[in-house]
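Morning, everyone. Please bring up the model on your screens, and I will walk you through it.

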Amino acid sequence: MDETKEILTFKVAERLTLGITRILESMPGVADVRFAEREPAEKRSLLSWEQKNTCILPEDLRDFYLTTDGFTLTWSVKLDNECVPLGCMMINSVARLCPLLQPVSLFSLPNAPSLADLDWEESSIDGELERGPAAPHFDSRSRIFELDSCGGNGKVCLVYKNCTPGVVAQQSEIWFLDRSLCWHFLTTTFTSYYRLMITHLGLPEWQYVFTPYGPSPQAKQWASLYQPLTFSCDLTPADLAGDFYINKLDPTKAFKGKVKTPAPKKKQSAQCSSGSSTKSQGNIGRPSGGKR
């Protein structure tokens with residue numbers, strides 16, 4: 001009976017992690033791969049969350065919570081015989097799927113600043129230059145819930161935009177809020193974000209790949225070491241402007257054999273040849289003295 005339960009638990013873990021645990025354990029230097037098993041969330045807790053926040057959970061996220069109430073997978077690397085925590089993949093449980101903007105306390109100051117103060121009406125020029133989906137707002141126009149705290153490097157959020165007070169919100173997206181409080185679009189569905197998280201192995205600052213400035217140099221080094229197939233270090237516009245720093249190699253010139261130029265004939269050789277011909281003619285005209 002216990003063996004059957006262990007087999008079922010292993011199969012569920014393999015389905016949830018998409019086999020990433022075996023891949024991590026086979027990588028050089030990776031150690032202490034841990035997957036925290038959790039019980040499925042109850043349907044009444046999901047209904048309670050929807051009623052409390054006036055939002056409908058996406059179908060794929062609802063199915064995820066009915067399979068496991070949250071997700072945590074961590075792994076470390078060995079450096080000088082010491083395990084250093086590196087990768088972390090996390091999805092908050094239903095109880096921790098809290099609004100990013102907490103209600104104002106009665107004891108707070110009347111003019112205390114909040115995140116809603118960061119919203120302003122964008123000019124028409126900014127609207128024309130803006131590309132992609134419209135960014136969420138920190139006021140009542142958007143309902144934002146935290147999926148992952150990203151170890152203090154930002155927040156991955158479940159966002160409902162174009163909300164009306166008292167009306168149930170249904171359409172959601174996944175966005176990344178960096179440390180400078182700027183929004184960056186990730187995916188339209190939770191399933192797509194979950195695959196991105198697994199693909200990037202939960203490396204530090206992997207969400208910054210979807211930002212204009214990218215991750216830090218240290219995070220890029222970890223990504224190039226443990227994610228060489230999907231990691232690409234593209235040149236920034238500043239790097240592209242300095243083309244004179246790039247060593248451009250022309251294969252047609254670099255691997256082309258040297259052409260030997262014919263050496264010019266010396267004038268002395270020509271004079272010597274003319275002198276020898278005259279001598280030979282003189283010898284022919286004279287009789288030889290050896291035989292008579």
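**The four-stranded sheet**

Let's start with an open sheet of four strands, ordered β4-β5-β6-β7, with antiparallel pairing. Its edge strands are β4, residues 143-148, and β7, residues 183-187. Each of those two pairs on one side only. From one strand to the next, the twist averages 35°.

One thing to say early: this is a predicted model. I will come back to confidence at the end.

Now go along the sheet. β4 and β5 are antiparallel and share five bridges. Look for Ile144: opposite it, in β5, stands Val159.

Next, the other end. β6 and β7 also run antiparallel, joined by four bridges. Phe176 has a bridge partner in β7, and that partner is His184.

How much of β7 is buried? Four of its five residues are. So β7 is largely enclosed by the rest of the structure, even though it is an edge strand.

What lies across this sheet? Helix α6, residues 190-199, lies across β4, β5, β6 and β7. Its direction is at about 95° to β7.

**A look at Leu181**

Stay with β6 and β7 for a moment. They form a hairpin with five residues between the strands. Leu181 sits in that loop between β6 and β7. Its phi is positive, near 65°.

Is Leu181 buried or exposed? Neither label fits: Leu181 is partly exposed, with a relative accessible area of 35%. Buried would need under 20%, and exposed over 50%.

Now find Gly154. Along the chain, Leu181 and Gly154 are 27 residues apart. In space, their C-alpha atoms are separated by 8.3 Å.

**The three-stranded sheet**

On to another sheet. This one is open too, with three strands in the order β1-β2-β3 and antiparallel pairing. β1 and β3 are the edge strands, each pairing on one side only. Here the twist averages 15° from one strand to the next.

Take β2 and β3. They pair antiparallel over nine bridges. Two pairs of residues are worth finding. Trp75 stands opposite Gly87 in β3. Lys78 stands opposite Cys83, also in β3.

How many residues lie between β2 and β3 in their hairpin? Two. Asp80 is in that turn, and it has a positive phi of about 55°.

**The helix across it**

Now turn to helix α7. It lies across β1, β2 and β3. Relative to β2, α7 runs at about 90°.

Which residues of α7, which spans 217-226, are buried? They are Ala219, Trp222, Ala223 and Tyr226. They sit on the same side of α7, because they cover an arc of only 100° around the axis.

What do those buried residues pack against? They pack against β1, at 30-35, β2, at 71-79, and β3, at 82-91. So that is the three-stranded sheet we just covered, β1-β2-β3.

Rotate to the other face of α7. Turned away from the buried side, you find Pro217, Gln221 and Leu225, which are exposed.

**The whole chain**

Zoom out. The protein has ten helices and seven strands. It has 292 residues, and 32% of them count as buried.

The exposed area is about 20700 Å². Carbon and sulfur atoms supply 56% of that.

Then the contacts. Take those between residues at least 6 apart in sequence: 57% of them join residues at least 24 apart.

**How confident is the prediction?**

As promised, confidence. The average pLDDT of the protein is 77, and 63% of the residues score at least 70.

Which element has the highest mean pLDDT, and which the lowest? Strand β5, residues 155-160, has the highest, at 97. Helix α5, residues 124-129, has the lowest, at 41.

Over residues 122-129, the pLDDT is below 50. That stretch has one contact in the model beyond near neighbours in sequence. Residues 235-247 are also below 50. Beyond near neighbours in sequence, they have three contacts.

To recap, there are two open sheets to remember: β4-β5-β6-β7 with α6 across it, and β1-β2-β3 with α7 across it. That's my tour. Over to you for questions.

Note on methods
Residues are numbered from 1 along each chain as its sequence is written. This is a predicted model: local features need pLDDT of at least 70, side-chain atom pairs count only at pLDDT 80 or more; totals for chains, interfaces and linings use all residues. Side-chain values use heavy atoms; hydrogens and water are left out. Buried means under 20% relative accessible area, exposed over 50%, partly exposed in between (1.4 Å probe, protein chains only). Contact means heavy atoms within 4.5 Å. Accessible areas come from the Shrake-Rupley method with a 1.4 Å probe; for residues, only the protein chains shown count as cover. pLDDT is the predictor's confidence in each residue, from 0 to 100. The arc is that of the directions from the helix axis to the C-beta atoms. Two strands pair if DSSP finds at least two bridges between them. Axes are lines fitted to C-alpha atoms, for helices over the stretch in contact, and angles run from 0 to 180 degrees between N-to-C directions.
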